[in-house]
Amino acid sequence: MADSILYRLRQRETATRHCCSFQREFQVNKVLLPRLNLEAELQGHTGCVNCLEWNEKGNLLASGSDDLNTIIWEPLKHKQLCSIRTGHHGNVFSVKFLPDTNDRIIVTAAADCKVRVHDMNIKETTTAFSCHAGRVKRLAVAPTVPYMFWSAGEDGTVRQFDLRAPHTCNDHCGNVLINLNSYIGNHAEAKCVSINPLRTEMLAVGANDPYVRIYDVRMLSPHSVRFSSEERLGASWHTPAPDPDPHGELPRGCVQYYIAGHLPIKQHEYNRKFRTLVSTYVTFGPDGRELLVNLGGEQIYLFDVTKSRKPKRYDTEDYKLTRPTMTTTAVTTTTTTTTASTNNGVVKDVAEVLSSNGTAVSGSVTNGVAKHISHTNGIKIAEESKPKRKRVSLCGKSRRLPPKAEALKKQANDVFARQQWTYAINLYNQALSIAPNSAVLFANRAAAYMKRKW
């Protein structure tokens, strides 16, 4: 088995067509999982470690902590390279290497509302910015821009810093690129920020709501936003609110919104239960095509940012549960929805899981997307329009699974009934490697994932 895994790893590196099958077969593998052991613990901090950052070469690791220090590690050698006293008076939340500086310049952001620039060679702070009126949660850098970086603060602003330009901090610094208070409302909080590594004009921002915004920074100009001294002094126990911002209105077409389709209509329920949906981390993939979002209090989502898509729409009419020999799926013009037949052994649980995750059993609200929502993932949903459907086969010309895949499916269904979710997922993955176009297998595996809850 080990030789097979190594062979498949080499195939994945040299032939892209093997990536999908490798992922389906090995993402939950009982041989690989036990090999994921702890290699080493790097000892050095005396407080909670809040952030980690690799350098571009991957041979250095920076960490920021509640002990107000930043440590540079050589993790492959399991040793500490140097420790920097940041000068912050609050927990260090973010640390970044500035690109093209030979890993000499690092930037830190902290709960004391300050951003500091450090020189590793002399182990000193070279520049300190006190522009933010709230805690600074995240920093972002662009791979090709060694002299600029961006920050997201809980004062609701995203700021742009240029080390080439002289700067003096005051109560109305002119480096505000985005002021969320202008269109979210006072007490908005910017929680995270990321720059697309290949398209550096794309800046993603997460806030204290379930929406993720991607801005075109070419259409934005830095401006000043004033926070009164009273708001700044009270920032330690409440989110500061700025003075009215006459320049806060965004140009048309400069921002796109991304959100999971079921969240807008469930947000009221979350608020009633005092659950907050906050984007705690956003990052682009290395090829700039995908955006990974950690939504605190909910799930982790992966968005394709290269093309806008309509949300998936499910209709109970698509589930023909009374026809045991016919397995079909309804396809809209943009996405494919999965169905289940009555003889797969998991259809009841699939229906329960779908209904518990925002999928309505009537045609009025589907997959948590209501007709009144004006936009989802950059696409406006017309109230009067209804997607056209056509019937297609799930497994190409043949509607039956290959014998080996059918046997694995039956075994997985039995394991599912015994509530052994991870084992069931592993078996469904093996079946999918044989029948990669089977919607029944995908639906059953999805039900196992949702039952497992991680």
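In this predicted model, Gly 206 has Val 212 of E15 as its bridge partner. That contact belongs to a run of five bridges that ties strand E14 (residues 202-207) to strand E15 (residues 212-216), with the two strands running antiparallel. Zooming out, E14 and E15 sit in the middle of an open, four-stranded sheet ordered E13-E14-E15-E16, again with antiparallel pairing. Strand E13 (190-195) and strand E16 (255-258) are the edges, each pairing on one side only. From one strand to the next, the twist averages 25 degrees.

E13 also turns up in the second largest pocket, where it is among the elements giving two or more residues to the lining. The others are strand E1 (49-54), strand E5 (92-97), strand E9 (136-142) and strand E17 (278-284). This pocket has a volume of about 840 Å³ and a lining of 35 residues. Glu 53, Trp 54, Lys 96, Val 141 and Thr 283 are the ones nearest its centre. As for chemistry, the lining breaks down into 20 nonpolar, eight polar and seven charged residues.

Two loop residues are worth a look for their backbone angles. His 187, in the loop between strand E12 (176-179) and E13, has a positive phi of about 75 degrees despite not being a glycine. Its relative accessibility is 41%, so His 187 counts as partly exposed. Lys 123, also not a glycine, has a positive phi of about 55 degrees. Lys 123 is found in the loop that links strand E7 (115-119) and strand E8 (124-129), and it counts as partly exposed because its relative accessibility is 46%.

Definitions and conventions. Residues numbered from 1 in each chain as written. Predicted model: local features only at pLDDT ≥ 70, side-chain atom pairs only at ≥ 80, totals over all residues. Heavy atoms only, no water. Pairing = 2+ DSSP bridges. Axes fitted to C-alpha atoms, helices over the stretch in contact; angles between N-to-C directions. 1 Å grid on protein atoms, 1.4 Å probe; cavity = no way out; pocket = protein on both sides within 12 Å on 5 of 7 lines; lining within 4 Å. Points joined across faces, edges and corners; volume = space filled by probe spheres on them. Nonpolar A, V, L, I, M, F, W, Y, C, P; charged D, E, K, R; others polar. Buried < 20%, exposed > 50% of the residue type's maximum accessible area, 1.4 Å probe, protein only.
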